[in-house]
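User: I would like a close look at one part of this model, namely its pockets. Please take them one after the other.

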Amino acid sequence: MTSYRWATLGCGVIGNELAQAMQQLGGNLYGVGNRTHAKAVSFAEKYGISKVYDKPEDIFSDPDVDIVYLSTPHNTHIQYLIPALEAGKHVLCEKSITLNSDELARARKVAEEKGVVLAEAMTLYHMPVYKKLADLVNSGALGKLRFVQMNFGSYKEYDMKNRFFNRSLAGGALLDIGVYALSFVRYFMTAQPDQIASQVLQAPTGVDEQAGILLQNKEGEMATLALSLHAKQPKRGMAAFDKGYIEIYDYPRADTATITYTEDGRKEVIQEGSTAKALQYEILDMEQAVANGGKGMCQEYTKDVMDLMTTIRKQWGLTYPEEEQA
């Protein structure tokens, strides 16, 4: 571990995983803030964190904080991103990093002006198995990419007040689970998709409960995505090339991929890294990016995915209260 001091804003599931990952790397979080102060106090006691902020914004004015991990609900991200970046803090933000492309453009502009790193905590970009697959693909061993097929479905109880279906919490499949699937697609595609077709089934609240998406880029590479919040599906990603296809299950934090070669049906299993260390890989890559001028956090993929999600929601006519007030 380096000497970077991290503070977490948000102490839910991801906040706990972050604290545990820090300790597994031999360090610890420097500080914690939360919209409910009592939760921050309890979190600090649990992990032996010395600094608890009275209110979330106090993190940004603390000169001892280097990196902020933001894991509040994604419709609140922009209200914390801008002041954090303006205060000169590097920020690793949970997905979806913002609600839309305009918000992300604002945040990126501030990050550039202040010379700090802004990145999305998209685990698959940092898993060693994906980096090994990227090397293999870039070597030309599999030939040209032709098609990507993605599934992500979970079964959520039909409670229209919880965050998955609540429009006031920016609910819906696309921003919650679709961001993973689109990030996988963008990771393997050689160029941003510029043709987009989709169908959507809306929940009673008006958010996207289920969706099918078809993408194509100028290279002729295509992708299909099937998303659902009310029908369990395997988290399966498949990328098909001229000479073989890659299959990855539980792809957001995968450590194993299987390649089936077209010519003879031979299978090759690639194992690299560990699912259990997903947050550790993110932390290490973020610290390396901070040390090396911001490189290595796939920020352009983050932008491309946000542009896709923004375009798709415009096709659906789906907006959130924050966007309607803008």
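How many nonpolar, polar and charged residues are in the lining of the largest pocket?

Analyst: The model is a predicted one, and by class the lining of the largest pocket holds 12 nonpolar, 13 polar and 10 charged residues. The pocket that these residues surround has a volume of about 990 Å³. Its lining is made up of 35 residues, and those closest to the centre of the pocket are Val13, Ile14, Ser71, Glu94 and Arg163. Turning to the secondary structure, the elements that contribute two or more residues to this lining are the helices α1 (13-24) and α6 (173-188), together with the strand β7 (145-155). Among these elements, α6 gives the most to the lining of the largest pocket, with four residues.

The second largest pocket can be described in the same order. Its space comes to about 450 Å³, and its lining consists of 21 residues, with Arg108, Val116, Leu118, Gly294 and Gln299 lying nearest the centre. By class, the lining of the second largest pocket divides into nine nonpolar, six polar and six charged residues. At least two residues of this lining are supplied by each of α4 (101-114), β6 (118-120) and α8 (299-316), and the largest share, five residues, comes from α4.

To return to the part you asked about, the element to follow along the lining of the largest pocket is α6, which gives the most residues to it, whereas for the second largest pocket the largest share of the lining comes from α4.

Methods
Residues are numbered from 1 along each chain as its sequence is written. This is a predicted model: local features need pLDDT of at least 70, side-chain atom pairs count only at pLDDT 80 or more; totals for chains, interfaces and linings use all residues. Side-chain values use heavy atoms; hydrogens and water are left out. On a 1 Å grid over the protein atoms alone, a cavity is a set of points where a 1.4 Å probe fits but cannot get out, and a pocket is an open set with protein on both sides within 12 Å along at least five of seven lines; lining residues have an atom within 4 Å of a point. Grid points are joined across faces, edges and corners, and a volume is the space filled by probe spheres set on the points. Ala, Val, Leu, Ile, Met, Phe, Trp, Tyr, Cys and Pro count as nonpolar, Asp, Glu, Lys and Arg as charged, and the others, Gly among them, as polar.
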